[in-house]
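Welcome, and please take a moment to look over the chain below. We will begin at one small turn and work outward from there.

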Amino acid sequence: MSLNNLARHIEALIFSSVQSISIQEIIIALNGAFNEEFSEQLIEKQVKILQTKYDNADNVLELVSLNNGFQFLTKKDYHETVNQLQLHRSKKKLSQAALETLAIIAYRQPITKLEIEQIRGVNSDYSVQRLLEKELISIEGKAETTGRPILYKTSGTFMDYFGLNNISQLPQLKDISKEENAIGAPID
């Protein structure tokens, strides 16, 4: 297979993937499709060529590295336009309770449902279930405490949706707190 043709197949795999696709997943798909062994170095080189191709200002898409994989995203210049479409189509909005629950899980993971409820002060069964259905969180395992409750963590879908490579890229809470959210008078 020619390298130009290989690059097109890689481009098709990345484009058709709903979530970011790793080099290993690309290799598995290509090996299966062509009964050939493709090296990681060859695939990485072809992905870099594709990234350069999509860096061109004429393209509305860019090839970005997310969650140890690659995904096509709309360039920032077009985010407001695409956002308007998403707002119009968003029938799967998360409730305020689900957003609060997701934030708690993101910043405190792995965490049990009881710990989430202690922080929120209300039952979080429905919110946790909705987040699991939307695949924004996943089950990490079981805690080593009495009753062995389930531990929850954010998922790869969460990482893709928020454009993160790892959880350390979340904004620090001190960076997003506002003075108007503070209680009492400021001390000088």
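Let us start in the hairpin of strand 1 and strand 2, which has 2 residues between the strands; here Asn67 takes a positive phi near 50°. Asn68 sits in the loop between strand 1 and strand 2, and it has a positive phi of about 60° although it is not a glycine. Most residues other than glycine have a negative phi, and most peptide bonds are trans. Asn68 is exposed, with a relative accessible area of 67%. As for the term, buried means under 20% relative accessible area, exposed means over 50%, and partly exposed lies in between, using a 1.4 Å probe and protein chains only.

Before going further, a word on what you are looking at. This is a predicted model, in which local features need pLDDT of at least 70 and side-chain atom pairs count only at pLDDT 80 or more, while totals for chains, interfaces and linings use all residues. Residues are numbered from 1 along each chain as its sequence is written, and side-chain values use heavy atoms, with hydrogens and water left out.

Back to the hairpin. Strand 1 and strand 2 (residues 69-74) pair in the antiparallel sense over 6 bridges; two strands count as paired if DSSP finds at least two bridges between them. Strands of a sheet pair through backbone hydrogen bonds, either parallel or antiparallel. Within this pair, Val64 stands opposite Gln71 in strand 2. Leu63 also lies in strand 1, and it counts as buried at 7% relative accessibility. What is Leu63 in contact with, leaving aside its neighbours within four places in sequence? The residues are Ile14, Val47, Leu50, Gln51, Tyr54, Phe70, Gln71 and Phe72, where contact means heavy atoms within 4.5 Å. The C-alpha atoms of Leu63 and Leu73 are separated by 6.5 Å, with the two residues 10 apart along the chain.

Now step back to the whole chain. It has 9 helices and 5 strands; these are DSSP runs numbered from the N terminus, with helices being H or I of at least four residues and strands being E of at least two. Of the 188 residues in the chain, 29% are buried. The accessible surface comes to about 12900 Å², and 52% of that belongs to carbon and sulfur atoms. Such areas come from the Shrake-Rupley method with a 1.4 Å probe, and for residues only the protein chains shown count as cover. Among contacts between residues at least 6 apart in sequence, 44% join residues at least 24 apart.

One residue that gives a feel for such contacts is Ile10, in helix 1 (residues 3-16). Ile10 is buried, with a relative accessible area of 0%. Apart from neighbours within four places in sequence, Ile10 is in contact with Ile26, Leu30, Ile43, Gln46, Val47 and Leu50. Ile43 is 33 residues away along the chain, and its C-alpha atom is separated from that of Ile10 by 8.0 Å.

For a look at the surface, turn to Val60, in the loop between helix 3 (40-54) and strand 1 (61-66). Is Val60 buried or partly exposed? At 42% relative accessibility, Val60 counts as partly exposed.

The other strands come next. Strand 3, strand 5 and strand 4 make an open sheet of 3 strands, in the order 3-5-4 and with antiparallel pairing. Strand 3 and strand 4 are the edge strands, each pairing on one side only. Strand 3 (residues 111-112) pairs with strand 5 (residues 150-154) over 2 bridges, and there Thr112 has Leu151 as its bridge partner. On the other pairing, 5 bridges join strand 4 (residues 137-142) to strand 5, and Gly141 stands opposite Leu151.

Two backbone details belong to the loops beside these strands. Pro110 is in the loop between helix 5 (96-108) and strand 3, and the peptide bond from Gln109 to Pro110 is cis, with omega near -10°. Arg148 is found in the loop between strand 4 and strand 5. Its phi is near 45°, a positive value in a residue other than glycine, and Arg148 counts as partly exposed at 40% relative accessibility.
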